[in-house]
Amino acid sequence: QVQLAESGGGSVQAGGSLRLSCAASRYTYCMSWFRQAPGKVREGVAQIDSDGSTMYTDSVKGRFTISQDNAKRTLYLQMNSLKPEDTAMYYCAGSLASCVRSRWGLHPSYFNYWGQGTKVTVSS
């Protein structure tokens, strides 16, 4: 029903930057980025609602910026000042419902549609 496709991953040195993109086949009310490192649980990174409101996990605040282009149905994640602990597979996720804007938000159970992921590697 909704197909998501990520791009923009790669390998960078600590302190570098990457911009991830996610192309959506149709509009979704809430879009988000998650990441998962080997052997670790999937972690919510950032989300953006249809009105532009955003929420970030504490570890990326001030370094990452989530944005969207509604006309192009594309989600972005600008990642600056990258750290080795940011190394993970990054996934785009969407929901046809509005974002949960409380501390209970950015949880995988709220999102119905997922991309295949794009790998980010940060070396020190």
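Two strands count as paired if DSSP finds at least two bridges between them, and strands themselves are DSSP runs of E with at least two residues, numbered from the N terminus. The model looked at here is predicted, so local features need pLDDT of at least 70 and side-chain atom pairs count only at pLDDT 80 or more, while totals for chains, interfaces and linings use all residues. Residues are numbered from 1 along each chain as its sequence is written, and side-chain values use heavy atoms, with hydrogens and water left out.

Strand β4 takes in residues 30-36 and is mostly covered, with six of its seven residues buried (under 20% relative accessible area, with a 1.4 Å probe and protein chains only). It pairs with strand β9 (residues 88-95) in the antiparallel sense, over seven bridges; here M31 has G94 as its bridge partner. β4 also runs antiparallel to strand β5 (residues 43-48), joined by five bridges, and R35 sits opposite E43 in β5. These two, β4 and β5, make a hairpin with six residues in between, and G39 in the turn shows a positive phi of about 75°.

M31 turns up again in the lining of the largest cavity, along with A24, R26, Y27, T28, Q68, D69, N70, R73 and T74. A cavity is a set of points on a 1 Å grid over the protein atoms alone where a 1.4 Å probe fits but cannot get out, and lining residues have an atom within 4 Å of a point. The structure holds one cavity of 30 Å³ or more, and the largest has a volume of about 60 Å³, meaning the space filled by probe spheres set on the points, which are joined across faces, edges and corners.

Conventions: On a 1 Å grid over the protein atoms alone, a cavity is a set of points where a 1.4 Å probe fits but cannot get out, and a pocket is an open set with protein on both sides within 12 Å along at least five of seven lines; lining residues have an atom within 4 Å of a point. Buried means under 20% relative accessible area, exposed over 50%, partly exposed in between (1.4 Å probe, protein chains only). Helices (H or I, at least four residues) and strands (E, at least two) are DSSP runs, numbered from the N terminus.
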